[in-house]
Amino acid sequence: MHLQTSEGTGPNAASDSNSTASQDQPKSSALPFGQDIALSSVSGPTYLTAQTLVQQVAYALSDTLFTYSPESFDLDVAAKAWRDAQEKNANGEVTGVQSVETRHGAGSIALGYMFSPDFDMSKRHVPQSIIASAASLQHLRPALDQLSLLYDVANPTALQVAAVDYAAETRAGLVTDYCSALTLAEELGMGLVSSRSAFEVQHMSLLSTLLASVLPSMHTYDGITVGRETTRVVDVLNVSSLKRNYDAVLSTAKDDLASKRLTNEGKLAKLMSAFNGELGTEYKCFEYHGHQSPTSVMVVFGTVEASLSAQVAEALARQDVKVGVINVRVYRPFAEDEFLETLAPSVQQVTVLGQVKDQASVMDGSVTSSIYADVMAAVNFSRLSAGKEPSVYDIKYARETVWTVAKMEALLRQLGTKPGEASEQQPAIELTSSETKQYTFWDVDSSETTSAPMMLGQLLSDDSSSNVTVRSGHDNLIQGGAIRTDMRWSPKSIEAAYSVKTADVVVVAEQKLLKNFSVLDSVKDEGTLLLRSAGWKDEDVEKNLSTPVRKAIAAKNIALFVLDPAASAKVADDPELESYLLQLAFLKVARPDVYESGLKKLNAAGDVLETLAKDLDAALKRVEVPESWLTLELEENQGLPPPEDLNMNSFAMTDKGESEPPSYLRDWVVAAKGLAFKEAFGTSTALRPDLGIKTFVVRVKEHRRLTPENYDRNIFHIEFDLGDSGLKYEIGEALGIHHQNDKAEVEDFIKWYGLNPDEIVEVPTRDDSTVLENRTVYQALLQSVDIFGRPPKRFYEALAEFADSEKEKTDLLMLGTGGNQEAAVEFKRRAEVDTVTYADILLEYPSAHPSFHDIVRIVNPLKRREYSVASSQKVTPTSISLLIVTVNWVDPKGRDRFGQATRHLNSLPVGAPVVVSVKPSVMKLPPKTTSPIIMAGLGTGLAPFRAFVQERAWQREQGMPIGDVFLYMGARHQREEYLYGEEWEAYQDAGVITLLGRAFSRDQPQKIYIQDRMRESLTDIRRAYLKDEGAFYLCGPTWPVPDVTAVLEEAVVVQAASEGKKKDGAKEIERLKEELRYVLEVY
C-alpha cells in the first residue's frame, strides 16, 4: 500500500546507535518521500511520484532505456536502482539502463544501438524508451530526425520528457519547458501526449508507448513540481498488468494500425478507443471543463496549466461565468475533427494559452505559440465547412511563468467577461476543500532538520484512510540553500498543482528566512507559526522577530509557538536527533490527534523518542501575542519581503564541497605509489581511460600519397593493420582517430609557459569526476588537452579571472561576453581569419597565467576525428583503410597552420601505433545483393564507395548475383586527383562497376560537375534507380546536394511521364529517403 514507516523513520530502525538521522535524509525528490522503492512495490494503491511512474512504464516495457538526466535532476534514479537490483521487466529480463551525457550528438548512441549489426532482430517489436528533460531535446534532435526517416525499420520508440530546463538568465532558474517538445513534434512529425496529474501519468506513459507503434512519440509532463510530488495513486498497474494491457490494446487495434487507408489521426482514434476499452477509462484527445454553454473557451497544454485551469473553470461555472477550458491531451497527431466536436455551438471566442521561450518572444508580435497555428487552422476549416465563426486569439506566456490559482482565475474571468463590461466582484476562488489540512516547512539545507517534512509525510501516510502529498523546492541562492516543503493531508484524493497559500501550520526551522521570504503571507488567518530558535528568551522577542513580522502575526491572529532545541539535553548530546524533536513538536501543535500513535511509529526501537518527548515539555512553548503588536509603527523602508514564493533553481541541496574538479600537480612519487600499491590506491591501468568509448590500438601498415608531391592538395591513402586488437567494422562505418598534438609544438609550449613536463597531473575522467587519472604534464598536453585548438568565447571569459592587468582582463571579458559590437567583430576575426589557438591567447595575454590544473579545466579536451572507412573487412579481414586530405593553410601572419588530426596521421611512419574507435552509420548497402547502387562521391567522399565496391565484388565471388553499380566521381583535375582511378577501371573491366561517370571540373574550358555526368546518363539512372528499385548515395561536401537531387527529381518526373503518370519529384525523393534509398553523408 505504501512505504513502511515503522521500519524507515525510527531513530533505531537500521542502526544499533541512537542516531540514524543521516540515513533518513531524502535520497532524491524524484522518489516517493525521497526514498528508494522496489519495482514490485509499484502496484495498487501506493505513494509515488509521477517521475517514478514514468520510469516504471519505460523500464517495464522496454528492452533498453536511454536516459539523459543532469545529475541533480535524477530523472532515472529509480530505473538505475532497479537495474542494479536485477529487477525483471515485463519480458522477464533486466532492462538495460544507459545513462548518457546531454550534449551534441547525444542521441547517436540510442540510434546506433537500434541499428547496430549485432542487434537481436527478434526484439525489433520491443519498445525502446528514452527518458530526458526538455533541455536535452535540442541535442537529441539530429538522431530523432534520422529515426523519423528510418522508423519503418526501427523499434517502437517512446520518449518520456520531463518539461524542465535551467534558464540562467531568469529569476526562476528552473523553468517548465513545453516549447521544445511542441516544436519537435510539429517539425519532425512525432506523436506528443501530455499528462494533467500524477494520477494519469502512468496511463499517458503507456499510451505514448502504444502510440510509438504508429510513429515515434513523446509523453511530456511537469518536471518541477507535480512530477516530483509524492502523492497517493490508487489504481497503479504493476509490471505484469502493464504488459497485459499493452499487448491487449495492440491486439485489438492491430489491423487498424497496419492499415494503409487510415491516416495517423485515424489510427490514433482506433488506438484511443482500444485503450479506453481495455482500461475502463474515458480519455480523449481534447477534454472540456467549465460552463455548459460557454461563450469563450481557452485551449491549454501542459500539466499545471491543464489541472489548474480545469479546476478554476469548473469553480467559475458554478458562479455562471460562461467560460470553459479545452485541455490538449494529444497534440500530435492533431485530431482536428475531435477538436471541433469539443467546441460548444455557443462559443464565440477561442483563446490559446500558448507557451513561448522567453519574455522577448511574448512581446514579439511575429512570434506565435505552437498550438495557435493548429487551432486557427481547425477553426478556419470549421468556418468554411459549417459556418462557425469564433474568433481565435493567442495569449502567450514565457517558460518562467509560474501559474497560481489567482493568476488563472483572473485570466479566465477576463475571458468570460464581454468587452466593455466590468467583471462582477466575487470572492477569490478556494480550490482546497475545508477537509484538507495544509502545512508548509521552511528550512536551510545545512540544518539538522531538513529530513523532518518527508519523514512526517511518510508517517501520516501510514493511515490508509487518508491521502498525503509532499513536495519540496530548493533556492540555492538564499542563505546558502533554502528549502520549502509543502504538505497536504485529506481524507479524499488531492490534486493541487500549486503552492500552499493558506497553511494551517507553518514551520520555520531557520528564523533568518523570515527576512528573505514573506512566510507569513502563506499562513491562513488564525493559523499557527512554529518557529525553531535555539537559545530563545522571551525578553529577546523583539531582537528575534522584526517589527513587520510581529505586526503581521498579530494582524492575522496567528498562534506563535517556539521550539528551542538547546533546551533538550538529548539533542545537546546528539544534534542529529533534532529532526525528531521538530517532528514531535509539529505533531503536538498541528496534529495532537495522532501525537501518541505517531510517537509509537517514530520510536521503532529503544526509548530515545520517549526521552525526547519528555524534553519537548521544556523545549516547546507558546508565546503570547500582545495586542500592542497590532499597533506597532513601521519605520520608513521597513516591511515584509514581497509576497513571492521561493524561486526553485535546484532539485538538490547546495554542494558545499570542492567547487572545482580535483586537479593537482604532483611529483612522480604519487604515480609510483599508485603503481606499487595498486589495491591500496585503487589503481587500474587502461587504454586511454579518459575516453568513454571502446578503443583499439592499430598500427600503420601502408601510407601512400595519391596526389603528386608538387600538387597543392595532399590526399593520401592510409591502411592500418588490426593485429590482435579485435576490431570489427561494417561498410559505411567511420573510424574515429584519437590523435595527438604535434610533439614539437607541445615541447615549445611547455618551455615558454614554464612547465615541468615530468610533473604528474591528476585529473578527473570525462565520464566520472570521482575517478582520477594520473599522467604527466607532457602526456596531458600531447593526448588530452586541445591546446592548439580554436577557443570559444567562454575561454576568454574564464581566462579573464586570471589576468593581473586590468586592461587585459577587460579585453578578455569583452571578447568572451561580446560586450559590444566591436568585440563581437574582433572575436569573429580571430576565429575565422586569424584562426588563433588557446596557446596563442595565452601567449598574447601574459598577465593571465593560469596554473596547469586550471588549464586542464578551462581548455577543451581533444576530440576524436572521424573518417569514413574505405575498405570492406570481408575483403581485407586484417586491415582497415582511410582516405584523407591534409588540412593546412597560412594565416594572415604568414604562419603555417594545420588540422591537428590530419597532420598527425600524415606524419605517422609504417608501424606506428594509433588509438582508434568505431562509429556506427546508417549508410548501408541494400539488403538484396541484386538491388542496384548509385554512388556519387566528391574528393575524399569516395572512401565509403571503395568499401561498397569491394563488398559487391566479394559478393559476386561468393556466387551471389549482384545488381548494377554506378559510380560518379568528382574532382578538379584527372591527372592530379583521379583517386583510386586504376582500381575503379579494374572493377569496371571485371564487370563489377557497370557505369563510371568521371567529372573533372577544371580539365576543360567549361566546368563539368558530377550532376552533369548524372544527367548524361539519366536513362540508366531511371532504369536502375526507379524501375529496378536501386539505392542512391552521396558522400562529400554539401554544395552539390541541391543539383544532384534535382537530377534525381527530374528522373522521377520523366520516368512517370513515360508510364503515363504524373509524380512530384521532390515528394518522391522524400519517400525514397524514408525507404533508405536516398542516403546522404555530407559535411
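**Exercise 1. Determine in which element Gln1011 is placed, whether Gln1011 is buried or exposed, and which residues Gln1011 is in contact with.**

Step 1. In this predicted model, Gln1011 belongs to helix α36, which covers residues 1010–1016; helices (H or I, at least four residues) and strands (E, at least two) are DSSP runs, numbered from the N terminus.

Step 2. The relative accessible area of Gln1011 is 7%, so Gln1011 is buried, where buried means under 20% relative accessible area, exposed over 50%, and partly exposed in between (1.4 Å probe, protein chains only).

Step 3. Once neighbours within four places in sequence are left aside, Gln1011 is in contact with Pro1040, Asp1043, Val1044 and Val1047, contact being defined as heavy atoms within 4.5 Å.

Conventions. Residues are numbered from 1 along each chain as its sequence is written, and side-chain values use heavy atoms, with hydrogens and water left out. Because this is a predicted model, local features need pLDDT of at least 70 and side-chain atom pairs count only at pLDDT 80 or more, whereas totals for chains, interfaces and linings use all residues.

**Exercise 2. Work out where Ile731 lies and which residues Ile731 touches.**

Step 1. Ile731 is found in the loop between β26 (715–721) and β27 (734–737).

Step 2. Although placed in a loop, Ile731 has a relative accessible area of 9% and is therefore buried.

Step 3. Not counting residues up to four places away in sequence, Ile731 touches Ser871, Ser872, Met923, Lys924, Leu925, Ala947, Phe948 and Glu951.

Step 4. A separation along the chain can also be set beside a distance in space: Ile731 and Ser868 are 137 residues apart along the chain, while their C-alpha atoms are separated by 8.9 Å.

**Exercise 3. Describe the packing of helix α27 and the surroundings of Arg830.**

Step 1. Helix α27 spans residues 793–800, and its buried residues are Phe795, Tyr796, Ala798, Leu799 and Ala800.

Step 2. These buried residues pack against α28 (806–817), α29 (821–834), α30 (838–844) and α31 (852–858).

Step 3. Arg830 lies in helix α29 and counts as buried because its relative accessibility is 6%.

Step 4. Beyond its neighbours within four places in sequence, Arg830 is in contact with Tyr796, Leu815, Thr835, Val836, Ile841, Glu844 and Tyr845; Tyr796 is also one of the buried residues of α27.

Step 5. From C-alpha to C-alpha, Arg830 and Arg790 are 9.4 Å apart in space, with their positions 40 residues apart in sequence.

**Exercise 4. Characterise Phe339, and then locate the cis peptide bond and the positive phi angles.**

Step 1. Phe339 lies in helix α11 and is buried, since its relative accessible area is 0%.

Step 2. With neighbours within four places in sequence left aside, the contacts of Phe339 are Phe286, Val299, Ile326, Phe334, Val375, Ala378 and Val379; Val379 is 40 residues away in sequence and 9.2 Å away in space, C-alpha to C-alpha.

Step 3. The peptide bond from Arg332 to Pro333 is cis, with omega near 0 degrees, and Pro333 lies in the loop between β14 (330–332) and α11 (336–342).

Step 4. Asp74, which is not a glycine, has a positive phi of about 55 degrees and lies in the loop between β2 (64–68) and α3 (77–84).

Step 5. Asp320, likewise not a glycine, has a positive phi of about 65 degrees and lies in the loop between α10 (303–317) and β13 (323–328).

**Exercise 5. Summarise the protein chain, and state where pLDDT is below 50.**

Step 1. The protein chain has 39 helices and 39 strands, and 56% of its 1083 residues are buried.

Step 2. Of the contacts with a separation of 6 or more, 76% join residues 24 or more positions apart.

Step 3. Along the principal axes, the C-alpha atoms fill a box of roughly 105 × 80 × 60 Å.

Step 4. The average pLDDT (the predictor's confidence in each residue, from 0 to 100) is 86, and 90% of the residues score at least 70. Over residues 1–23, however, the pLDDT is below 50, and this stretch has 64 contacts in the model beyond near neighbours in sequence.

Step 5. Residues 657–663 also stay under 50, and the model has 13 contacts for them beyond four places in sequence. Where pLDDT is low, the predicted coordinates should not be read in detail.
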